[in-house]
Structure formats: structure tokens, C-alpha cells
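This report describes the fold, the packing and the backbone of one protein chain. The sequence and the model come before the text.

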Amino acid sequence: MRRLLAWLASLVFAAAFAAEEGAKPEINRPYVIDADVARWNKSFENERREVYVKRMEIVAAAAVKPGMTVADIGAGTGLFTMLFADAVKPGGSVYAVDISPNFVEYIRETAEKRRVRNVTAVLTDGVELKLPDASIDLVYMSDVYHHFEHPAETLASIRRVLKPGGRLVIVDYERIPGVTPPARVEHVRVDKQGAIREIEAAGFGLLEEKKKMMRDNYFVVFRRP
């Protein structure tokens, strides 16, 4: 009886975090409605942006290997997509998934111009990834998790496409009152611990955190059991 009550309590606890409010639609509107690719590319690939400066360290820490299938969720203009495309050679492939039609088309064009044959760009509605079940070794997200409008549903889709034992790598902004700039605190819907709780409630196991790697962002790795 005690074990049953504990199990029920854990379900209620998980459901509470899984149902946590997602981001407001306004945060994603600039990407969906005719995004200015050139302007966003300058913003994403900028020496003042920590994940751009640390991009090679991030790819190494993600432990991307030849032959892997990687999904770059919220791929933007393809910064990490192209780095992963090189890292998974030979034999690997990368899905670049984004909610922005303009970003998806830009990645397709970039891959064609560079003759990168192992990249597939996919347009998503922000919930369903539209990838085959149990097909992905690694799902990667850079400054994307706080944009989830429906975190529980999107995480369920991620879990579905990951292979058993597949990894989920989250790089996102720290949200520390008194340390993080106020505008970013307002922009980012959930802090690191809140994100970890949500992701664990969705059925992922926390594998590791790369501490002291970045100042403005955290790096956490989960595994699909």
C-alpha cells in the first residue's frame, strides 16, 4: 500500500511539472512570420553571443560521433547544423528542425551551395518534430528550450523520435535573479532547475551537467531510458 501511494504521489508530482506553463506565443512570432534571415544570422553568429564563441567546445562536449543521426531542434540559420554535419561524417546525418519557413529554406539552400549531402531541413509546428520514431541518436537544442509553448507535448515528441538510450542535450540561458540581466530574466520562462524538473517529468534521466563551461548558459545532458 505504501509503495502504491508513493507511486501515485510521484505521478502527481510529475504531472504538476509537466503541465507547467509554456512560453507565450509572442516570443516565437518574429521567427514564424517572414523572418529576416540576414538580420537573424548576424545575431546568431556574433562574437558577443556565448554559444557562438564556444561553438566548437559545445560540439565536442555533445560527443557527436561519426555515423550518428542528430536532430538540431530550433536550428535557426544552421550554425550547429553545419558543424554537426561535419562531425557525423562518414555515415551520419543531421535533421535541422525549425518553426521558421525562412530559416528552413535558408538551411536547405546553404547545404546545397556547400554540397553538404547529409542535412535535411524540416519545418515543425513547434510541438511535433515530424521525424521518424526511434530514429535519432542525439537531440540538440541551443537557446531553444525556453521558447517551448507546450513543453510537455514537445518533450513527448522528442522522446518518441529518440532511440532508446539516445541523448538530449540542452544549452540554454541561465536565469539567476540578481545575476542574469533583468530583460533576460523576463524573457526566459524557466530556470535551469525548472527545466530539469520538466524534462525529468517527461521521462528523461539526467545524465550530466557540464559545469563552468559557460557563464551565460548552462549545458545539461539527458538520456531516454
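Tyr95 belongs to strand S2, which spans residues 93-98. The model is a predicted one. Beyond residues up to four places away in sequence, Tyr95 touches Thr69, Val70, Ala71 and Asp72, and also Thr120, Val122, Leu131, Pro132 and Ile136. Some of these contacts fall in other strands: strand S1 covers 69-73, strand S3 covers 119-123, and strand S4 covers residues 136-142. Gly76 is 19 residues from Tyr95 along the chain, and the C-alpha atoms of the two are separated by 12 Å.

**The sheet**

Strand S2 is part of an open sheet of 7 strands with mixed pairing, in the order S3-S2-S1-S4-S5-S7-S6. Strand S3 (119-123) and strand S6 (205-209) are the edge strands, each pairing on one side only. From one strand to the next, the twist averages 20°. In general, the strands of a sheet pair through backbone hydrogen bonds, in either a parallel or an antiparallel sense. Three of the pairings are listed here.

| Strand pair | Sense | Bridges | 
|---|---|---|
| S4 and S5 | parallel | 6 bridges |
| S5 and S7 | antiparallel | 7 bridges |
| S6 and S7 | antiparallel | 4 bridges |

Individual residue pairs can be located along these strands. Met141 stands opposite Ile170 in S5. Tyr173 has Asn217 of S7 as its bridge partner, and Gly205 has Arg223, also in S7.

Strand S5 runs over residues 162-173. Of its 12 residues, 9 are buried, so S5 is largely enclosed by the rest of the structure. The same reasoning applies to strand S7 (residues 217-223): 6 of its 7 residues are buried, so S7 is largely enclosed as well. Helix H8 (residues 151-161) lies across S4 and S5 and runs at about 140° to S5.

**An edge-strand residue**

Leu206 is found in strand S6. Is Leu206 buried or partly exposed? Its relative accessible area is 40%, and because the partly exposed range runs between 20% and 50%, Leu206 is classed as partly exposed. Setting aside neighbours within four places in sequence, the contacts of Leu206 are Ile196, Glu200, Val220, Val221 and Phe222. His150 is 56 residues from Leu206 in sequence, with a C-alpha to C-alpha distance of 21 Å.

**Nonpolar cores**

Which members of the largest nonpolar core touch the most other members? They are Ile58, Val70, Phe84 and Phe219, out of 32 residues. Helix H6 (residues 79-87) contributes the largest share of this core, 5 residues. Apart from it lies another core, of 26 residues, which includes Leu131, Val144, Val161 and Ala195.

Phe219 has contacts in several parts of the chain. Leaving aside its neighbours within four places in sequence, Phe219 is in contact with Ile58, Ala61 and Ala62, with Val169, Ile170 and Val171, and with Glu208, Glu209, Lys210, Met213 and Met214. Val70, another of the four residues named for the largest core, is among the contacts of Tyr95.

**The largest pocket**

The largest pocket has a volume of about 970 Å³. It is lined by 46 residues, and the closest to its centre are Tyr31, Ser142, Asp143, Val144 and His147. Several helices and strands each supply at least two residues of the lining: helix H2 (29-32), helix H3 (37-44), helix H4 (50-53), helix H9 (182-187) and H6, together with strands S1, S2 and S4. Val144 also appears in the core of 26 residues.

**Backbone features in the loops**

Most residues other than glycine have a negative phi, and most peptide bonds are trans. Where does the chain contain a cis peptide bond? The bond from Lys89 to Pro90 is cis, with omega near -5°. Pro90 sits in the loop between H6 and S2.

Two lysines have a positive phi. For Lys130, phi is near 60°; this residue lies in the loop between S3 and S4. Lys130 counts as exposed, at 56% relative accessibility. For Lys212, phi is about 65°, and the residue is in the loop between S6 and S7. Lys212 is exposed too, with a relative accessible area of 87%.

Key
Residues are numbered from 1 along each chain as its sequence is written. This is a predicted model: local features need pLDDT of at least 70, side-chain atom pairs count only at pLDDT 80 or more; totals for chains, interfaces and linings use all residues. Side-chain values use heavy atoms; hydrogens and water are left out. Two strands pair if DSSP finds at least two bridges between them. Axes are lines fitted to C-alpha atoms, for helices over the stretch in contact, and angles run from 0 to 180 degrees between N-to-C directions. Contact means heavy atoms within 4.5 Å. A nonpolar core is a set of buried Ala, Val, Leu, Ile, Met, Phe, Trp, Tyr and Cys residues joined through side-chain atoms within 4.5 Å. Buried means under 20% relative accessible area, exposed over 50%, partly exposed in between (1.4 Å probe, protein chains only). On a 1 Å grid over the protein atoms alone, a cavity is a set of points where a 1.4 Å probe fits but cannot get out, and a pocket is an open set with protein on both sides within 12 Å along at least five of seven lines; lining residues have an atom within 4 Å of a point. Grid points are joined across faces, edges and corners, and a volume is the space filled by probe spheres set on the points.
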